[in-house]
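The exercises below concern contacts between parts of a protein and the ligands it holds. Please work through each task before reading its solution.

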Amino acid sequence: ALPKILLTRTLPPESQRLIEHAQDIELLHWKDGVIPRDQLLKLVPGVSGILCTLIEKIDSELLDAAGPNLKVVSTFSVGYDHVDLSELRKRKIHLGYTPDVLTDATADITSLLVLAASRRMREAIRAVEDGEWNVWSPVWMLGTQLTGKTVGIVGLGRIGVATARRLKPFLGANGKIIYSGNSDKPVAIELGASRVKFDMLIREADIICICCALNVQTREMFNYGAFKAMKKNVILVNTARGAIIQQDDLIRALSEGLLGSVGLDVTTPEPLKPDHPLLKFQNVIVLPHIGSATLETRTMMGNLAVENVLSGVRGQTMPSSVEL
Ligand code: GLV
Ligand code: GLV
C-alpha cells in the first residue's frame, strides 16, 4: 500500500494541485474547513505524514493515535508553538515549516499596523462612516509622527529584520532602532540597531514591534508591569502570537490610559467575538491573523509545506525543517 498523508485543510489551488498530483502517496484530504479533533484522531492511525496548520494541536495524544508509521509533520506556518517538539523528538518524527516565504508579507502587515496605529486609522475611518467628519480642522484626529522616533523590535529574526528595514525610512536620520533577544545579530550593524535588555527596550521605544516566536521565554512577556514601564504614547504592535501578551493585563493598561495605540494581528483567543472588551478601545486595531495572507505568499507556503511532507515521507531531506 502507498504511504498515507493526511491533509487537514484545503491549500491554495497551486499547492493543492501539487499534492494531488503526487503518484506515490495516498492522500487523505479533509475538505470541510477546520477538522474537528475527534475526526483528526480517527483519521491519523497509520499515516506516514501530516500536513497541518497552526490550528491543529500536535501533541502526544495525536502522535500516539497516529502510531509508528508517522515520519513527518509539515506545518503550513512559520510558528510551531502548536507542536510538541519533545514528543516529536522522542519518536524521531521530523518537522517541516515555512519560514522565509512569508517574511515580506508579515513584515508588510507589521509596518501597516505601525502606520495605521500611529495615524489613528480605525478612529478616522469610523468617523467618516459615522458622519463625524464635519470640517477640516487644524487640531482634529492628530496622530503621532514617526520621524525621529525609536523603534524597538522584540526578536530580530527574519520578520524583525524585514520590519526594521521597512520602518527605517520613516524614522529619518534621527530615528533609532533597538532590539531585544537572546543574541547579537550581525545584521544589526547594517541596520544601525543596538541590542538592549527587554526592560530597557520597553522603556525607551516609542514604537514596539513583537516579532519573536512564542515559547516558554516569551509567553506573557508583555504583562501589566511591562505596560506600566512603557512610554505613555507608545505604539505597540503584535504580529507574532497572541499569548506573548497577557491580554487581560493589556485591557487593564488600556482602560487606565497607559498606552498610546495598539495594533494586533494575533489575539487570545482567535477569533475574538465582536463584543470582546479589547475591541471597545478605539485606539486598538485588530486584524484577523492575516500576516501571511497574500495569494503569492500563501501559495509559496503551501508549495513548501507540500514539498516538506512529500520529502519527509519519501525519506529525503526536507527543503525546510526545524532542528529538533
Ligand atoms: C502564522 O502565524 C505562521 O506562523 O505562519
Ligand atoms: C520568523 O520566522 C522570524 O524569524 O522572524
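**Exercise 1.** Which polar side-chain atom lies 2.9 Å from an oxygen atom of ligand 2?

*Solution.* The model is a predicted one, in which local features need pLDDT of at least 70 and side-chain atom pairs count only at pLDDT 80 or more, while totals for chains, interfaces and linings use all residues. Residues are numbered from 1 along each chain as its sequence is written, chains are lettered from A and ligands numbered from 1 in the order in which they are written, and side-chain values use heavy atoms, with hydrogens and water left out.

Begin with the shell, that is, the residues with a heavy atom within 4 Å of the ligand: around ligand 2 these are V78, G157, R158, I159 and C211. The polar side-chain atom in question belongs to R158, and this is a polar contact (a pair of N or O atoms within 3.5 Å). A polar backbone atom of I159 likewise lies 2.8 Å from an oxygen atom of ligand 2. The protein buries 84% of the 190 Å² that ligand 2 exposes when taken alone, where accessible areas come from the Shrake-Rupley method with a 1.4 Å probe.

**Exercise 2.** Identify the residues that surround ligand 1, and state which atoms of V78, G79 and R241 approach its oxygen atoms.

*Solution.* The surrounding residues are L54, S77, V78, G79, L102, R241 and H289. From the backbone, a polar atom of V78 is 2.8 Å from an oxygen atom of ligand 1, and a polar atom of G79 is 2.8 Å from an oxygen atom of this ligand. From a side chain, an N or O atom of R241 lies 2.7 Å from an oxygen atom of ligand 1. Of the 190 Å² of accessible area that ligand 1 has on its own, the protein covers 89%.

**Exercise 3.** Describe how domain 1 and domain 2 meet, and name the residues of the salt bridge that R241 forms.

*Solution.* First, set the bounds, which come from an automatic or database domain assignment: domain 1 is 4-100 + 296-314 and domain 2 is 103-286. Their contact (heavy atoms within 4.5 Å) takes eight residues from domain 1 and five residues from domain 2.

Next, consider the buried area, meaning the accessible area (1.4 Å probe) that two parts lose on being put together, summed over both; here it is about 580 Å², of which carbon and sulfur atoms give 44%.

Finally, one salt bridge (a side-chain nitrogen of Lys or Arg within 4 Å of a carboxyl oxygen of Asp or Glu) is counted between the domains. R241 pairs with D81 in a salt bridge whose closest N and O atoms are 2.9 Å apart.

Methods:
Polar contact = N/O pair within 3.5 Å; in protein donor to acceptor, adjacent residues only side chain to side chain.
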